Amino acid sequence: MAREGSLEAPTRHPIDWKNPDFYDEEATFHEMERIFDICHGCRRCVSLCGSFPTLFDLVDEGPTGELDGVDKQDFWKVVDQCYLCDLCYLTKCPYVPPHEWNLDFPHTMLRAKAIKFKKGEVGAGEKFLASTDTHGSFAGIPIVVQAVNAINATKPARALMESALGVDKDAWLPSLATHKFRSEAASSADFPVKAGAKTPGKVAIYATCYVNYNEPGIGHDLLKVLAHNEVPYVLVDKEKCCGMPKLELGDLESVDANKQVNIPALDRYAREGYAILSAVPSCTLMFKQELPLMYPEDEAVQRVKAAMWDPFEYLMARKRDGLLKTEFTEPLGKVAYQVPCHGRVQNIGKKTEEMLKMIPDTQVHTHERCSGHAGTFGVKKATHQQAMKIGKPLFKKMAEHSAGGAPDVITSDCPLGGHHIAQGFEVNGLGAPEMQHPLTLVRRAYGLK
C-alpha cells in the first residue's frame, strides 16, 4: 500500500532533455495518463491554474467519469494551460519525489511542450513574444523608442498586434526604455569588500531583459540600495535572456543557445567570489533551478546556481551578518505585497516582506496567491481574460488592507506581475493605488534620490 505523501521535502530529478526518448510522444502521453489519473483522484491543485480545472472537467464530462473516457488528444488542452509556475510541485502535491509515485506535473508539461515545439506547432507570434532580446533591441534609441511606444499605445496598432501576434488588445504591455539600464548604470564607488559569514562582500548584477530594456529604474534602485550599504558591485559584462520565456514554449534548443552565452560569463563571477543578483524572480529561478536540472553534470552551471541570489535574499542575509543599514527615514504607509510564484518556489522564505516590515510606520499585508500573469500567458489573446480571472481573488484581497481600508501602494517582486495586478485593480474597480517595485520602495524608505 502506498504511503501518504508530504512527509519529506520535495526533490527534483534532472530534465533528461537530450535523450531522444524525451521527445517520444507515445511515452509522454503514457506518463501524462499516469499523472492525470493520480491528479483526478486527488484534486488538491484545482485552485492553482487552468490546467487542473481543464483536466477535471474533461474527466467529469466524459462518458465514464474517469480518465479512460477522455480523448488523449484533449490532453493538449491541459498542457496549454500550464505556465510552469511550479506551485503544484512545491506547495500542493503530496506525491512528488521522494514519494514512490514520483509525480512531476510541471516538468511533464514541459516535456509535452517540447514535443509540440519540435513538431512545429508553436506559432510565429508566440515565438516572437518569447524573443525578449529581439524586441528589446530597439530600446535605448530615443527616436525609435518614442515612435514605437506611441504607436503601440494606439487602438489600430493594438488591433494589429492582436491579429498578427496574438497579443490581447486590452492587456498591459511594457514600454521600451529610452535608455537601457546597462548603458546608464552608475559605476560602483570603491567600497572595501566586507564578506560576512553568510554573504559575499561584492555583487555582480545580471540585469535581465526586462530591467535592461523596459524598466531600468528597478536596476538603478538596486544599485542605490547596494551603494547605500557600501557593497561594491559590477554589472555582468555579457548577458542574454535567461531563457525562461523559451522554456515556457518548450524551445529547449534556444534555452541551450542562451545558456552557452550566459553561463561562461556568469561562472567567472562565481569563481571570483561574487554574489550574482537578478531582480526578476523568473530569471533568478532559471539559474537556480531549471538550468541546473537541464545540465546536472555541468560544474559551471552548478557554480552559478550556488552564486545566484534574489536581491532581498541577499540583503536579509547581510542583515544577519550585521552588515545592512536599518535606519529608514521615510515611511511607506499601507503596503499590499504579493509574493510571486517564481519567488515562492525558490524556497528562500519571505525575504522581501522581512525587509519591508523593518521600515517604521509601514504596514505590510502579504499575499501568496498567483497574479495570473505568468510570463506571456497574461498578454496572449487566447489567455489574457483567463489570466485576469485567475488573478481576481488576489486583486480583491490586496484591495482590502489588514490595517483597514485600501492600500497606499501595491507591490510585487515580479515587475510584470505588479503591472498585471495594477490592471486588475483598474478593471475590477478596486481603486488606483500607487504601484512600485519593492526595490524602489526600499530606496525611497532609505531617503535616497
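**Exercise 1. Helix 5**

Task: In this predicted model, work out how the span of helix 5 compares with the expected value, and whether the helix is covered or open.

Solution. Start with the length: helix 5 covers residues 105-118, which is 14 residues. Next, take the distance from its first C-alpha to its last, which comes to 20 Å. At 1.5 Å a residue, the expected value is 20 Å, and the helix is close to that. Now check burial, for which the cut-off is under 20% relative accessible area. By that test, 13 of the 14 residues in helix 5 are buried, and the helix is mostly covered.

Then look at the two ends. At the start, a side-chain oxygen of Asp104 comes to within 3.0 Å of the backbone nitrogen of His107. Just after the helix, Gly120 has a positive phi of about 80°.

**Exercise 2. The four-stranded sheet**

Task: Find the strand order of the open sheet, name its edge strands, and say which helices pack on it.

Solution. Read the order across the sheet: the four strands run 6-5-7-8, with parallel pairing. The edges are strand 6 (362-367) and strand 8 (434-435), each of which pairs on one side only.

Now go through the pairings of strand 5 (residues 333-338). With strand 6, the pairing is parallel over six bridges, and Gln338 has His367 of strand 6 as its bridge partner. With strand 7, the pairing is again parallel, over four bridges, and Tyr337 has Thr411 of strand 7 as its bridge partner. For burial, strand 5 has six of its six residues buried.

Finally, add the helices. Helix 21 (residues 415-427) lies across strand 5, strand 7 (409-412) and strand 8, at about 145° to strand 7. Helix 22 (residues 438-445) also packs on the sheet, touching strand 5, strand 7 and strand 8, and its direction makes about 125° with that of strand 7.

**Exercise 3. A salt bridge between distant segments**

Task: How many salt bridges does a search of the whole structure find, and which parts does the one between Asp86 and Arg12 tie together?

Solution. The search of the whole structure gives 29 salt bridges. In the one between Asp86 and Arg12, the closest N and O atoms are 2.8 Å apart. Asp86 sits in the loop between helix 3 (75-81) and helix 4 (87-92), while Arg12 belongs to the segment before helix 1 (25-42), so the pair ties together parts that are 74 residues apart in sequence. As for accessibility, both Asp86 and Arg12 are buried.

**Exercise 4. Salt bridges within a helix**

Task: For the pairs Glu299 with Arg303 and Lys351 with Glu354, give the N to O distance and the spacing along the helix, then classify each residue as buried, partly exposed or exposed.

Solution. A general idea helps here: an α-helix has 3.6 residues a turn, so residues three or four places apart point the same way.

- Glu299 and Arg303 meet in a salt bridge at 4.0 Å, N to O. Both lie in helix 16 (residues 299-307), four residues apart, about one turn of the helix. Glu299 counts as exposed because its relative accessibility is 60%, and Arg303 is partly exposed at 27%.
- Lys351 and Glu354 meet at 3.4 Å, N to O. Both lie in helix 19 (residues 351-356), three residues apart, about one turn of the helix. Lys351 is buried because its relative accessible area is 18%, and Glu354 is partly exposed at 26%.

As a last step, trace the wider linkage: Asp267, Arg271, Glu299 and Arg303 are joined in a network of salt bridges.

Technical notes. Residues numbered from 1 in each chain as written. Predicted model: local features only at pLDDT ≥ 70, side-chain atom pairs only at ≥ 80, totals over all residues. Heavy atoms only, no water. Helix = DSSP H or I, 4+ residues; strand = E, 2+ residues; numbered from the N terminus. Expected span 1.5 Å × (residues − 1). Buried < 20%, exposed > 50% of the residue type's maximum accessible area, 1.4 Å probe, protein only. Polar contact = N/O pair within 3.5 Å; in protein donor to acceptor, adjacent residues only side chain to side chain. Pairing = 2+ DSSP bridges. Contact = heavy atoms within 4.5 Å. Axes fitted to C-alpha atoms, helices over the stretch in contact; angles between N-to-C directions. Salt bridge = Lys/Arg side-chain N within 4 Å of Asp/Glu carboxyl O.
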